[in-house]
Amino acid sequence: MSQSVNRAIVIGHLGRDPELAARREGEGKIASFGVATSETWTDRASGERREKTQWHRVVSFNDHLSAVIERRCQKGTLVYVEGHLETRKWTHQQGQDRYVTEIIIDRFDGNLKVLANGRSTGDGRFDEERPSRSAAQRPVPAATSNAQEVDDEIPF
């Protein structure tokens, strides 16, 4: 039997404020937004710093996450997105077929975490207006100076 996995994980910044739309069924909202991921490197030939940005279209069908996106996400927000890839096809007004591939945050198998909020300051950095409490911000217990005092129990 052949098995496959359709999973996408992206960490990046929102390129603009999320768009929210009411569901056809009446309850809940659908949120959609673009996430930019960047790769930087130094060109060997010229020594110049280069950057390549990829844009990822994200759609949330999860009512709870759409409410969180509406409250906490804006242009510049750093997010962790986990979902599956889906490609849609439609016919443009002039009769041309169009395609879009999106990361879908479904009701049951998707995940979104707001890592840092903020708007761009214009110099590539982001102001953190409402920072989330990520693992990097949590207090770390001090290490013991004597190796024999290490407790073998799992600390959580």
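Start with the lining of the largest pocket in this predicted model, whose residues divide into 8 nonpolar, 1 polar and 7 charged. The pocket itself has a volume of about 330 Å³, and, of the 16 residues that line it, those closest to its centre are Ile30, Val59, Phe61, Arg88 and Glu102, which make a good selection to begin with.

Next, colour the strands that contribute to this lining: β2 (19-22), β3 (29-42), β4 (49-60), β5 (78-91) and β6 (97-105) each supply at least two of its residues. Among these, select β2 on its own, since the largest share of the lining, 4 residues, comes from that strand.

Now step back to the whole chain. The protein has 1 helix and 7 strands, and if you follow the sequence from its beginning, these elements appear in the pattern β-β-β-β-α-β-β-β. Of the contacts with a separation of 6 or more, 56% are accounted for by residues 24 or more positions apart.

The helix, α1 (63-72), is the next selection. Which of its residues are buried? They are Leu65, Ser66, Val68 and Ile69, and if you turn the view to look down the axis of α1, these residues fall within an arc of 160 degrees, so they line one face of the helix. An α-helix has 3.6 residues a turn, so residues three or four places apart point the same way. On the face of α1 turned away from the buried side, select His64 and Arg71, both of which are exposed. Returning to the buried residues of α1, show what surrounds them, and you will find that they pack against β2, β3, β4, β6 and β7.

From here, move to the largest nonpolar core, which has 16 residues; select Phe33, Val35, Val58, Val79, Val81 and Leu112, the members that touch the most others. The elements that each supply at least two residues of this core are β1 (8-14), β3, α1, β5, β6 and β7 (111-116). In soluble globular proteins, nonpolar side chains tend to be buried together.

Finally, centre the view on one of these core members, Val35, and display its neighbours. Leaving aside residues up to four places away in sequence, Val35 touches Val10, Gly12, His13, Leu14, Gln54, Trp55, His56, Val58, Val79 and Val81. To close the tour, colour the model by accessibility: buried residues make up 27% of the 156 residues in the protein.

Technical notes
Residues are numbered from 1 along each chain as its sequence is written. This is a predicted model: local features need pLDDT of at least 70, side-chain atom pairs count only at pLDDT 80 or more; totals for chains, interfaces and linings use all residues. Side-chain values use heavy atoms; hydrogens and water are left out. On a 1 Å grid over the protein atoms alone, a cavity is a set of points where a 1.4 Å probe fits but cannot get out, and a pocket is an open set with protein on both sides within 12 Å along at least five of seven lines; lining residues have an atom within 4 Å of a point. Grid points are joined across faces, edges and corners, and a volume is the space filled by probe spheres set on the points. Ala, Val, Leu, Ile, Met, Phe, Trp, Tyr, Cys and Pro count as nonpolar, Asp, Glu, Lys and Arg as charged, and the others, Gly among them, as polar. A nonpolar core is a set of buried Ala, Val, Leu, Ile, Met, Phe, Trp, Tyr and Cys residues joined through side-chain atoms within 4.5 Å. Buried means under 20% relative accessible area, exposed over 50%, partly exposed in between (1.4 Å probe, protein chains only). Contact means heavy atoms within 4.5 Å. The arc is that of the directions from the helix axis to the C-beta atoms.
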